[in-house]
Amino acid sequence: MSVLSQDPRLQYTAAVDQTIFTIAFRFLQDDDVDVYVDGTLQTDGVDYNLSGAGDVTGGECTFVSPMTGGEEVTIYRNMDLSRSADYQQKGPFRSSVVNNDLDRIWMAMQGLDESITRTINFAVTSRLDLPIDFPDPLADHYIGWDHAGENLVNKDLNGLVQVPVSEFFEPVLLANDYADFLDLVGASPFMQTLLQANNTTEFQGAVGTINAYYADLAEMYRAQFEIKPGTVVRLSDHDVYEIEPTNGYADDAVFGVISTEPHTIMNHMKDRSEHWLPVALTGRVPCRVIGPVKKGDRLVPSQHPGVGQSGQPGRGVFARALETKTSGEVGLIEVAIVTTN
């Protein structure tokens with residue numbers, strides 16, 4: 001009987017309550033098949049039963065207990081490299097016996113070919129002097145190419161340069177994906193553009209946006225509730241919470257403005273879900289103000305919570321206006337945070 005070109009290794013992801021898995025290759029006897037669930041070898045007759053031995057198209061593997069769902073099931077034809085048939089001189093020469101005997105050879109070769117595909121191979125065009133010996137395992141060593149790039153050797157891990165990792169960068173380096181990374185280093189449009197640059201030109205263009213859009217230095221402070229960007233805040237008297245909207249004219253506890261798109265955030269590891277918010281401490285930032293404001297005016301907290309207004313030098317000055325506003329209602333203007341009057 002001919003031996004079809006068949007893959008001797010099948011893998012399935014089990015569905016909930018699934019018990020039957022197709023064996024899409026020919027096997028001569030049940031002992032020729034190994035079955036694994038999540039990498040653990042199962043026992044024939046105890047964990048599963050096979051059907052279809054000798055069938056050209058294969059058979060089925062039926063598990064005794066149904067799957068819970070999600071298990072990785074591997075069915076592998078593992079031919080024993082031996083021959084049990086013994087042809088006697090002038091004895092019977094039955095075609096079925098001879099065919100099975102020859103078929104075992106080809107099935108075993110298919111298994112070897114599949115095994116080779118799971119190994120590391122050099123390209124057909126490689127100019128290395130093959131074969132290359134693989135060095136024996138050695139504690140605290142790794143395998144690498146020698147200085148000539150011709151042989152594999154054990155190399156001492158102590159020869160590697162070890163750089164200490166800060167408390168900030170350790171979780172960054174262990175981020176599982178791009179979303180986790182952004183959550184740790186800051187998800188501003190600037191950072192996203194920078195990290196997605198495909199070439200030097202795009203990277204330099206992204207870096208250039210520092211001067212164009214984001215120009216404030218912020219630090220994370222804890223509030224009792226979410227506060228809108230642009231809100232003027234003061235240091236809170238609360239034992240736990242650190243900031244709150246200003247609550248009076250020229251409030252001398254004024255501390256800064258909630259940043260909209262900070263260029264740099266200090267203390268960024270704080271959990272945003274607990275209302276840790278970036279307060280702009282210096283630089284340019286959008287700010288909520290009420291009433292007419294002229295460019296260059298000193299700004300102080302107004303009687304409206306979290307809103308600034310034009311004021312006089314002295315108590316409560318927190319910023320200088322960088323643009324003019326003529327309307328009387330609350331609006332956003334760009335300001336420069338100041339630490340002196």
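Biologist: Which atoms must lie within 4 Å of each other in a salt bridge?

Modeller: The term is applied here to a predicted model. A salt bridge pairs a basic side chain, Lys or Arg, with an acidic one, Asp or Glu. The atoms that must lie within 4 Å are a side-chain nitrogen of the former and a carboxyl oxygen of the latter.

Biologist: How far apart are the closest N and O atoms of Glu334 and Arg284?

Modeller: Glu334 belongs to strand 19 (residues 330–337) and Arg284 to strand 15, so the pair links distant parts of the chain, 50 residues apart. Glu334 is partly exposed at 29% relative accessibility, and Arg284 is partly exposed at 42%. The two residues form a salt bridge, and their closest N and O atoms are 3.1 Å apart.

Biologist: How many salt bridges does a search of the whole structure find?

Modeller: The bridge between Glu334 and Arg284 is one example. Another joins Glu114 to Arg118, with the closest N and O atoms 2.8 Å apart. The search of the whole structure gives a total of five.

Biologist: Which residues are linked with Glu114 in a network of salt bridges?

Modeller: Glu114 forms a salt bridge with Arg9, the closest N and O atoms being 2.5 Å apart. This pair links distant parts of the chain, with Glu114 in helix 1 and Arg9 in strand 1 (residues 9–13), 105 residues apart. Glu114 also forms a salt bridge with Arg118, at 2.8 Å. The residues linked with Glu114 in the network are therefore Arg9 and Arg118.

Biologist: Is Glu114 buried or exposed?

Modeller: Its partners in the network offer a background: Arg9 is partly exposed at 26% relative accessibility, and Arg118 is partly exposed at 47%. Glu114 has a relative accessible area of 6%. Because the limit for this class is under 20%, Glu114 is buried.

Biologist: Which nonpolar residues form a surface patch with Ile105?

Modeller: Ile105 lies in helix 1 (residues 95–117). Its relative accessibility is 47%, so Ile105 counts as partly exposed. The patch has about 430 Å² of accessible area together, and the residues that form it with Ile105 are Leu102, Trp106 and Met109.

Biologist: Which strand supplies the largest share of the largest nonpolar core?

Modeller: This core has 16 residues, and those with the most contacts inside it are Cys61, Phe63, Val73 and Ile75. Strands 2, 3, 5, 6 and 7 each supply at least two of its residues. The largest share is three residues, and it comes from strand 3.

Biologist: Which residue of the largest core's most connected group does Ile75 touch?

Modeller: Leaving aside residues up to four places away in sequence, the contacts of Ile75 include Pro8, Arg9, Leu10 and Tyr12. They also include Phe21, Ile23 and Val33. Among the residues with the most contacts inside the core, the one that appears in the contact list of Ile75 is Cys61.

Biologist: Which residue stands opposite Val254 of strand 13?

Modeller: Strand 13 (residues 254–258) is mostly covered, with four of its five residues buried. Strand 11 (residues 232–235) pairs with strand 13 in the antiparallel sense over three bridges. The residue opposite Val254 is Arg234.

Biologist: What is the bridge partner of Val257 in strand 15?

Modeller: Strand 13 also pairs with strand 15 (residues 276–290), in the antiparallel sense and over two bridges. In strand 15, the bridge partner of Val257 is Ala280.

Notes: Residues numbered from 1 in each chain as written. Predicted model: local features only at pLDDT ≥ 70, side-chain atom pairs only at ≥ 80, totals over all residues. Heavy atoms only, no water. Buried < 20%, exposed > 50% of the residue type's maximum accessible area, 1.4 Å probe, protein only. Pairing = 2+ DSSP bridges. Patch = residues over 30% accessible without salt bridge, like charges linked within 9 Å, V, L, I, M, F, W, Y side chains within 5 Å. Areas by Shrake-Rupley, 256 points an atom, 1.4 Å probe, with all protein chains shown as cover. Core = buried A, V, L, I, M, F, W, Y, C linked by side-chain atoms within 4.5 Å. Contact = heavy atoms within 4.5 Å.
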